Amino acid sequence: MKLCIIGAGAMGSLLGFVLSAQAEVWLLSRRPDHVYAINTRGLRCEENGVEAVRYPHATSDFSVVGACDVVLVLVKAHQTGWAAEQLRQGDRGTGRQRDTDGVSLSPALPLSLSAPLVVTLQNGIGNREILAEALGAERVGQAVTSLGATLLGPGRVRWAGHGETMFGAQPDPAMAQALADLFCAAGLPASVTDDLDALVWGKLLINVGINALTALLRVPNGALVDVPEARQLLEQAVTEAAQVAAAHGIHLPYDDPVAHVLAVARATTQNRSSMLQDVLRGSPTEIAMINGAVIREGQRLGVPTPVNALLTMLIEALDASADRRV
């Protein structure tokens, strides 16, 4: 199988490292130093103080990738529109253009990122819809993962937490199963589910409880379990999100949302959440697609979400003041 991973941040790099043992993997990154390091020294993955190296392909030039069996999207939420545009341009290059709406696009990239299926493993709610609008719902799938990873620098990633990856069966059950089988063969537990809403909301609650708090406190995931005040905030944010999910008619894939999120935080105790990594870099966060999504759905359904509203406002203030930090 040939895979293209759009977005070689922490999680994209970890998956690129692990899956390259079983498949041809191309990592697409807009960071030249990361691409150079991978292509010259290999992609190095550290776990428990032990480092290993593998050699997936890495590039910033979409035109060299060629046709793939599947594309995995792991860019940040604010980059999803850009990723969708790259994929649509690739469709133009292969004669798979979906519309003639007069949108001005840069020149087509022949065969670039061409794939029958695109699967998002991004955080939050709304990314799949952006991709589906550009490519068609019949080509866009979704998965969630409990893996944890921290990008240490160009060409280096830390495997910071183990967990299952779950693929939504739709729109291509056979490919979803093939991807799950590939993950399992590479040593990553994976399965397929028919309940996509449970899949997405189940992961959303984990992000709601962990990401904003770790970013604000600047602590690894495990601190949210150990620090009583942080744990209380986690419990309140997750409880609000669970109430919104219930009002939405979502059946979560676990019985006790708070206990499950705490278990994930323990299992990824040394991991720096993706939002913490964004804040430390001064990069935009995905708060609008995570806690912000809970607020929007809560407002629509009449469920109050004051803790999520406060966390969202605080992270938005961090984003807005990134260039003024001391």
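Here are a few exercises on the sheets and helices of this model, each with a worked solution.

This is a predicted model, with local features needing pLDDT of at least 70 and side-chain atom pairs counting only at pLDDT 80 or more, while totals for chains, interfaces and linings use all residues. Residues are numbered from 1 along each chain as its sequence is written, and side-chain values use heavy atoms, leaving out hydrogens and water.

**Exercise 1.** Work out the strand order of the eight-stranded open sheet, and find which strands stand at its edges.

*Solution.* Start with the elements: strands (E, at least two residues) and helices (H or I, at least four) are DSSP runs, numbered from the N terminus. Next, pair the strands, which takes at least two DSSP bridges between them. That gives β5-β2-β1-β6-β7-β8-β11-β12, with mixed pairing. Now look at the ends: β5 (57–59) and β12 (190–193) each have a single partner strand, so one side of each is left without a neighbour in the sheet. Neighbouring strands here are turned by 25° against each other on average, direction ignored. For a close-up, take β7 (residues 117–120) and β8 (residues 140–145): they run parallel and are joined by three bridges. In β8, V140 is the bridge partner of V118.

**Exercise 2.** Do the same for the open sheet of four strands.

*Solution.* The order reads β4-β3-β10-β9, and the pairing is mixed. β4 (50–54) and β9 (148–153) take the edges with a single partner strand each, so each has one side without a neighbour in the sheet. From one strand to the next, the twist averages 30°. Zoom in on β3 (residues 43–47), which pairs with β4 in the antiparallel sense over five bridges; there, E47 sits opposite V50 in β4.

**Exercise 3.** Describe how helix α6 packs against β8 and against helix α9.

*Solution.* First the sheet side: α6 (residues 196–217) lies across β8, β11 (165–168) and β12, at about 45° to β8. Contact means heavy atoms within 4.5 Å; axes are lines fitted to C-alpha atoms, for helices over the stretch in contact, and angles run from 0 to 180 degrees between N-to-C directions.

Then the helix partner: α6 and α9 (residues 257–267) pack at about 65°, their axes 9 Å apart. Finally, list the residues: L205, I206, G209 and I210 of α6 meet P257, H260, V261, V264 and A265 of α9. By class, that contact has seven nonpolar, two polar and no charged residues. Ala, Val, Leu, Ile, Met, Phe, Trp, Tyr, Cys and Pro count as nonpolar, Asp, Glu, Lys and Arg as charged, and the others, Gly among them, as polar.
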